[in-house]
Amino acid sequence: MQGQMPAIWLVENSQFGRFDVVQLSKDGIARRIIAAIKEQIHGGVYRPGDRLPSTRAFAAEWGVSRTTVMAAYGQLAAEGYLTTRPGARAIVAQGLGTAAAPMCSTAAAPRHLSAFAQRLLALPSPAVAQAVRVADFRYGDLSGSDFPVLAWRRSLNKASLRRTARLRYGDPQGTATLRTALQGYLWRARGIRCTPDQIVVVNGSQQGLDLCARLLLDPGDPFVIENPGYLLARQAFAAAGGVPVPIPVDGEGLRTHSLPLARLAYVTPSHQFPLGGVLSAARRRALVAWAAHTGAYVVEDDYDSEYRHDIAPIPPLQTLDAESVIYVGTLSKTLSPTLRLGYLVVPTTLSRAFSEAKRLTDRHTPMLEQDALADLLASGAFERHVRSIRRKNTERRVVLLQALADNLGSSVTIAGADTGLHVVIWINGVAADREPAIVEAARAAGVGLYPVSPLYDPPESRPAAAGFILGYAGLDADALRRGVAVLAAVLAEHRR
C-alpha cells in the first residue's frame, strides 16, 4: 500500500551478537525485541541491576523507531523483567538471571497428586477409536443422517435471535423454560410426576453420574452396581472413592434377594446394560424397599427408554418412590451424543445440593442449547423426531437380526434384542479368552467389534463363551449386512 511504512524484522547476527533488519510488521518487531532481551537476561548478558541502553540509543543502534523500543520496554516492565521510571534508563529487575530460574533439576521434589487424581490414573485407559472400512458396531453411535437438522437449526436460530438486556450466568439447574418443558415431556413419555425444581440439566448423563458420585459417596463407601454393567458409571463412583459391590443380573435384571448395605445402587431397570433384561415388578419393589430401609439412594439410568420394539414401555422406578430414586435421562440416544445434554430428576431434599455442585462444576450447561431444546420440546418437534428415529432404528434392528440369522444361525445366542440400540451375541463353542484375537481379526477385516468382558467385575465372573456388543444405530442396512457377513467369516476361522 502506498504511504505505508515498510515492515522490518530484527534477525540476530551470531558473529557480533547484533541484529540485522528485514521486513516484518511493527508488532512483530516489538515481540522480537522482547524475546531477544529476555534471552539475554536469562543467558546472563544482562544481570539484575544492570541498566539497558536508553530507548533512543537502542532505536538508533538497531535501526528501528524509538516508539517500538518504548513499547517493548513497557511490555517487559509489565511482565516484571524491567523496572522503569521517567527520565532514567530501564534496569533489569532483581531475582532474574540464570541462577534464579534453573531450567531443570536432577533432584526436583515430587509433585503431589490428590487421592482422586491417583484413582483416576489407576483406571484403565479407554480404547482409541479407529476408522474401519466395512462396519463399526460401536455402541452409543447414532447415524448422522438421523439428526433433525432443520428442526434443530430453526430452534437454535430462534434462541440465538432472542436477545436479553444483559448477558449473565444462568441457573445452575438449567433454564426455567427447559425444566418446565422437560417436566411436561417426562410426564407424557415416562409417567414421571415432578416439579421443575427437581430437574437438574447436565452436560450429558455422565456428568449426572459424576455429581451423584461426589454428592452421595465418601471414600470407602460401598455402592451396588449391576454385573455386568455400565463401565463409566462404575468408574465414576470408584473415582469418588466408592467401593463397588457387583451384583449379578439375570433375565429379570438385578438380583435383589440379598442386597448388602450400601450408600447407593446404580441400575438400568428398563433395559439392563448390556444384557437387555427388564427388572421385574417384584424386584423393583424389593429394590425400592431396600433403599427406604437402609437410607440408600437408587440411581436409575434410563438411557434408552425411547426405544421399545416388542414390549410396552416400562414405568420408571422413580414413579414408585420419588424420594429414594434419582432418575438419569439423556438426549445422547435421541438427538446426538455430541450435544452433551442430559438431565436428572432428584428428590426434593437433594435439589439444593445438586444445584450447588453444578454451580461449582461449570456454572451451568450452555444456555443456547438449552433454549433450543426447550423450543424443540414445546413445539412438538422433539417427539416427532423420536417417533421417526424409533421407526428407523426398529428397521435397522430387523436387518441386523435377519443378517445374524442368515450368516450365523444357531452358532450364536442373541440377548437384549427387545429394546434399545444394541444386542449382545454369545458365540457358542468359542471360549471367552478368544475375544481379543477375534477383535483383532475383525478389525483387520474392516469391522469394529467390542467384547463384553470389560463390563464384568471381576472379568472371571462372566460366562464361558465369547461375547460381543453390537450397536446398530449408527449403521445403514447395507453396512449391517456386510458387517455381519465379515464377522461370520472371522468367527468361522476361530472355530477351527
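The following exchange concerns the two largest pockets of a predicted model.

Trainee: What makes a residue such as Tyr450 part of the lining of the largest pocket?

Mentor: Lining residues have an atom within 4 Å of a point of the pocket. The largest pocket has 40 such residues, and Tyr450 is among those nearest its centre, together with Arg138, Tyr139, Leu231 and Leu232. Tyr450 therefore counts as a lining residue.

Trainee: How much space lies in the largest pocket, and which elements each supply at least two residues of its lining?

Mentor: The space amounts to about 1,400 Å³. Helix 7 (204–216), helix 8 (231–239), helix 13 (435–444) and strand 17 (450–451) each supply at least two residues. Helix 13 gives the largest share, five residues.

Trainee: Why is strand 17 called a strand?

Mentor: A strand is a DSSP run of E with at least two residues. Strand 17 covers 450–451, so the run meets that minimum.

Trainee: How do the residues of the lining of the largest pocket divide by class?

Mentor: There are 22 nonpolar, 10 polar and eight charged residues. Tyr counts as nonpolar, so Tyr139 and Tyr450 belong to the nonpolar class.

Trainee: What is known of the second largest pocket?

Mentor: About 420 Å³ of space lies in the second largest pocket. Its lining has 16 residues, with Ala159, Arg162, Thr164, Met367 and Asp371 closest to the centre. Helix 5 (149–161) and helix 11 (367–379) each give two or more residues to this lining, and helix 11 provides the largest share, five residues.

Trainee: Why is Asp371 classed as charged?

Mentor: Asp is counted with Glu, Lys and Arg as charged, so Asp371 falls in that class. The lining of the second largest pocket holds six charged, six nonpolar and four polar residues.

Terms used: Residues numbered from 1 in each chain as written. Predicted model: local features only at pLDDT ≥ 70, side-chain atom pairs only at ≥ 80, totals over all residues. Heavy atoms only, no water. 1 Å grid on protein atoms, 1.4 Å probe; cavity = no way out; pocket = protein on both sides within 12 Å on 5 of 7 lines; lining within 4 Å. Points joined across faces, edges and corners; volume = space filled by probe spheres on them. Helix = DSSP H or I, 4+ residues; strand = E, 2+ residues; numbered from the N terminus.
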